[in-house]
Each structure stands twice: as structure tokens, then as C-alpha cells.
Amino acid sequence: MKPLSPTDQLFLWLEKRQQPMHVGGLQIFSFPDDAPDDYVARLAEQLRNDTEVTEPFNRRLDSRLAQPVWVHDKHLDLEHHFRFEALPTPGRIRELLGFVSAEHSHLMDRERPLWEFHLIEGLGDRQFAVYTKVHHSLMDGVSAMRMFQRMLSTDPSKRNMPPIWDLLARPRRDDNRSSSLWRSISHLLEESGKQLGTMPTVARELLRTINTARKDPVYNSIFHAPRSILNQKITGSRRFAAQSYCLKRIKAVCHTYGTTVNDVVTAMCASALRTYLMNQDALPEKPLIAMVPVSLRKYEKSTGDKTEGSQTEGNQVGVILANLYTDESHAGTRLRKIHQSMQEGKDRYAHMSPEEIVNYTALTLAPAAFHLLTGVAPKWQTFNVVISNVPGPKETCYWNGAKLEGMYPVSIAMDRLGLNMTLTSYKDQIEFGLIGCRRTLPSLQRMLDYLEDGLVELEEGAVS
């Protein structure tokens, strides 16, 4: 028996029919060169025979003294969790994304362990896919990404590799907590006694932030995000859209403008949002604000490339409220302003300890959390969208000889936060995964074209 932390209980409490609280991932693989046509069916049979289920996948919810706890599920039915499925013809990426959209809309059965693993055949070009979803109370997105990477290998000849449910879990790392709105606030509440020593620095930085906001209208907009169709109540129906973009193209833009990869992908998102909302006749006059979890490691160069010996010890992750400058029509100017906005956020954390960063984040985002939970304080709409970048594998990966072609994060949409734009890196690609409410944000898949248009616009501006 293991009690749930207050943060993990929060994810259960937040869940409603229109607001499933699971995270997921979609991976696309190519058959091994020597694989027979029934390769995926044989792989499914191998997985069915792997009946060993390790932590945390063998846990289900229970209650002790009216408090939720994890208990070992002695009657776990693997057939419920592992599903071998086929796409309808013609088996295009369109059908695959439609499948993920539908599956990600469905709540999971709380009487069973809260995870599913879908092995999907029927894709063209001798490819297949894996879609996995795990409840956020069981595992966060970063942990899920790391665990999935452990399922892979850089050796294409390796076979009989275990599935994700047969991997021994590693402890959740505390330094990932600050990358989540809820984890930041819960961390402050859970360990308030330990955190009292950070209060003078946090209070001083918070006061300086407020004073700056009073004097600078642009800075002030960070604390008063505009009303937008992105921030309505949503339905339970989801639309998932995914696309890969060449990292080399993005780094070329970085080099020209003197920015980071994170700045450029944020600017691509800003451009896509601007175009999408303009086409919906719903672009606010004030710029949209994004919540952007960012690494706070120090760099000597501004090109997004690490320099030896320049990073601080350990992983430092903070949440920055970034002005997306969606009121700016020129792509290059917008990128430079976003870079400045992001840099100001990083500079604010420069002289703060990791604990002070967590507490500062929790205090500044508390109004946003209250509004997201209740909807009764629309003036406390602190940000409009989440743009999150999760590092992925740097080398080509394989699973039972099948080459990983792409991996796309599938995150969470919520009431008053109807769009989540998460991306990950894989080898020489940046993989975007967009999840949103199907009714609130119609034709969400068009945003993939708008992301490409935003990158092209930056490239053309760099040339000129």
C-alpha cells in the first residue's frame, strides 16, 4: 500500500468527463528490413506472453480511511491494458491521428491500473504505431518519456525486448516538479515548513516583478492574459495533431537571429496561434501569454547549443510566463521580442536557488491555478496556452529491431486551457504534439500548416 501525494490526489480530483487527466505518447516504427509481413502480429503475440507487470503498472486505486492509496492489483487483466488493433483503410497518418484523438478522449477505469498500451497495425509503408496513455496521478509526462526511452535500444539487432509494463520504475526526480503548474504549487504547500528560509528572496523578487509590471505596460500583460477562445469550458472530445520539423532548419534560424531553439519553436507556436485565431476572427488585441517550462542551465552562447563547463550542476527547471507577441505582424520582430521575454524570465531566476524558483513559481501561478480550478476569476487568466518542450533521444532508437521514426507527446487539455502544445526532440527532429478540444477549437489540425508557415517566414526573413 502506498498513499498518494497531495499533488497526485489533485490530478484525480481534477478529472471530469470533459477533462480526462491522462498523458500519452504516440510512436511510429518501421519494420526491420528482414521482417515478414505479419511482423506486428508476431510482436503482439510476444507481448501477450510477457505477463510480468512491474511498478507502477501493477497498482490500482483503493481507499484507506477515506484517503486514496495505491495497492497491488492481484487480479490484473493484461488483456484490458494491452490492446492489438488495426487502423481502418486506407491506413494513413490521418486515420492514426483520428484513432489517438478518440482514445485520448476516453476516461480510464479507476477499478483497474490506470494505463493502456495500444499496438497498432495497418499503416502503409511497412510501418506500425504504439499509443500509450498513463494517468497523471500515476506518472507525469517527463517520467513517462524517460520510461519509454528505457524500453528502446540503439542496437537494431536486439530482440525479445520487454514492453513498458515490464520495466522496473525509477524514483520520480524532484527537479521535474517545477515544470508543472500543479506540482509547483503543491510542492510549496507540502513542504512549507522547509521552504520558510526561501521567503525573503522570493518576496523580494515578487515585489520587484510587481513594480516592473506597474511601470511597463508590455510587462504588465504577462499578469493579465487576454480573454480568448482558448480559455473557455471544453467538452470531452479531443483532436490530436502531430508533425515533425527538421531541427537543422530551426538551428539555422537560431544562428541568424542569435536565439535558442526554445525561442524559435515558441515563435513558431505564436505564429500558428496568430494565424489560427485570425482565421477564426478571434485574435485578441492584447498578445497571448504562454506558460513555458524551461531549463535554467547557463549557456555562454545564445544559439541554443551547450558549451562545455558552462551549465550549472543538476537540472534546474522553471516556469516562465512568456509574452507571445501575437499582436506583432512581423515574424522576425516577434521572434526577437519573444527571445527578450524569455531571457528576462531566465534572468529573474539567475540568483535564486532551485527551491526559491519553485516557490516563486508557485506564488506567481497561484491565481492562475485558482481560476483554472473554479472559473470564477476571469481577470486572473494568467496565461492562455501551455508550450512545453521535453528532451528526447539524441540517437536513432529501435524496439525489437523496428526503427523509431517519430515520437509525439499527447498531453492534457482542460477547462479554460483548451490547447496544449507539447513537443519533444528526437535525433535531428522536433516533434510537435497538439491536443485540444474538438468543439472549442475546430480544424485544429490546420495549425500544423501554420507552424510550417511560421518557420518558413522566419527562414525567409533570415535570408533577406
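Two strands pair if DSSP finds at least two bridges between them. Strands (E, at least two residues) and helices (H or I, at least four) are DSSP runs, numbered from the N terminus.

Before you start: this is a predicted model, where local features need pLDDT of at least 70, side-chain atom pairs count only at pLDDT 80 or more, and totals for chains, interfaces and linings use all residues. Residues are numbered from 1 along each chain as its sequence is written, and side-chain values use heavy atoms, with hydrogens and water left out.

**Exercise 1.** Find the partners of strand E2 (residues 22–30).

*Solution.*
- Start with strand E7 (residues 127–135), which pairs with E2 in the antiparallel sense over 9 bridges. Here Leu 26 has Tyr 131 as its bridge partner.
- Now look at strand E13 (residues 402–410), joined to E2 by 7 bridges and also antiparallel. Here Gln 27 has Met 407 in E13 as its bridge partner.

**Exercise 2.** Is E2 mostly covered or mostly uncovered?

*Solution.*
- Take the cut-off: buried means under 20% relative accessible area, exposed over 50%, and partly exposed in between (1.4 Å probe, protein chains only).
- Apply it to E2: 8 of its 9 residues are buried, so to speak of it as mostly covered is right.
- For the protein chain, buried residues make up 56% of the 464 residues.

**Exercise 3.** Which strands stand at the edges of the open sheet E1-E4-E3?

*Solution.*
- Trace the order E1-E4-E3: these 3 strands form an open sheet with antiparallel pairing.
- Strand E1 (2–3) and strand E3 (59–64) are the edges; each has a single partner strand, so one side of each lacks a neighbour in the sheet.
- Check one pair: E1 and strand E4 (residues 67–72) share 2 bridges, with Pro 3 opposite Val 69 in E4.
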